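Colleague: I would like a close look at a single part of this model, namely the charged pairs and the sheet around them. Please take the structure below as the starting point.

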Amino acid sequence: MKSRRLLRLMAALRIVVALPVLTLLGSVADASERHAGYYYPESVTEERYVSHAQKIPAATRESRLAFVSGVAKSASERPYPPQRAMFAKGADASKLIIVSLYDNHMTTLAQARAILALMTGVARTTKILRDLQVESIFNFLDFCKMLGFSELTISDGRTYAHRFVLE
């Protein structure tokens, strides 16, 4: 009799412990999708990107915002309007979003990947990455991981959105 009661108590305890964890996992997923339909189309494809880079100890919300500001400043200094918007979202600014500002620009995922390759060079000119003296083997997604971004969503702003989950 005691063992049955103990088993029931243990099962109830597992449910009580598991429920907040499952609720938390659900809210994390909701937070990732909160920007869908507002900044980019609701249909989002996703892939994991396993980076060889490590998050740097100095990576904070402020450093991520400074990085985004540095890239935006670089784009604003060009003699033509910016072609895409880039901003950090989330409570700790760990979700990077890049959206095209023009039709017929970055219309395919292949074009978006090419833009990320071009942005690697721009990212290297930001103060935070210059100070780190990062190796040239890292790409834009690696830089994002180093700065503590957990994901990058890229979109043409109209037909697709693709998320890289950075690990």
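At 54% relative accessibility, does Glu77 count as buried or exposed, and which side chains meet Glu47 and Glu151 in salt bridges?

Modeller: Bearing in mind that this is a predicted model, I would start with Glu77, which counts as exposed because its relative accessibility of 54% is over the 50% cut-off. Glu77 forms a salt bridge with Lys73, the closest N and O atoms lying 2.6 Å apart, and Lys73, at 51% relative accessibility, counts as exposed too. Lys73 falls within helix H2, which spans residues 61-76; this helix lies across S2 and S3 and runs at about 170 degrees to S2.

The sheet itself is open and consists of five strands in the order S1-S5-S4-S3-S2, with mixed pairing. Its edge strands are S1 (44-49) and S2 (84-89), each of which pairs on one side only, while neighbouring strands are turned against each other by 15 degrees on average, direction ignored. Further inside that order, strand S3 (residues 95-100) pairs with strand S4 (residues 151-155) in the parallel sense, over five bridges, and here Ile97 stands opposite Thr153 in S4. Helix H3 (residues 109-124) packs on the sheet, where it touches S1, S2, S3, S4 and strand S5 (161-166), and its direction makes about 50 degrees with that of S5.

Turning to the other charged pairs, the model has six salt bridges by the rule applied here. One of them joins the side chains of Glu47 and Arg113, at 2.5 Å from N to O; because Glu47 lies in strand S1 and Arg113 in helix H3, this pair ties together parts that are 66 residues apart in sequence. Glu47, at 24% relative accessibility, counts as partly exposed, and Arg113, at 38%, likewise counts as partly exposed.

As for Glu151, its side chain meets that of Arg163 in a salt bridge of 3.3 Å, N to O. Glu151 lies in strand S4 and Arg163 in strand S5, so the pair ties together parts that are twelve residues apart in sequence. Both Glu151 and Arg163 are buried, whereas Lys73 and Glu77 count as exposed. Glu151 and Arg163 also belong with Glu46 to one network, joined by salt bridges that share partners.

Notes: Residues are numbered from 1 along each chain as its sequence is written. This is a predicted model: local features need pLDDT of at least 70, side-chain atom pairs count only at pLDDT 80 or more; totals for chains, interfaces and linings use all residues. Side-chain values use heavy atoms; hydrogens and water are left out. Two strands pair if DSSP finds at least two bridges between them. Helices (H or I, at least four residues) and strands (E, at least two) are DSSP runs, numbered from the N terminus. Axes are lines fitted to C-alpha atoms, for helices over the stretch in contact, and angles run from 0 to 180 degrees between N-to-C directions. Contact means heavy atoms within 4.5 Å. A salt bridge is a side-chain nitrogen of Lys or Arg within 4 Å of a carboxyl oxygen of Asp or Glu. Buried means under 20% relative accessible area, exposed over 50%, partly exposed in between (1.4 Å probe, protein chains only).
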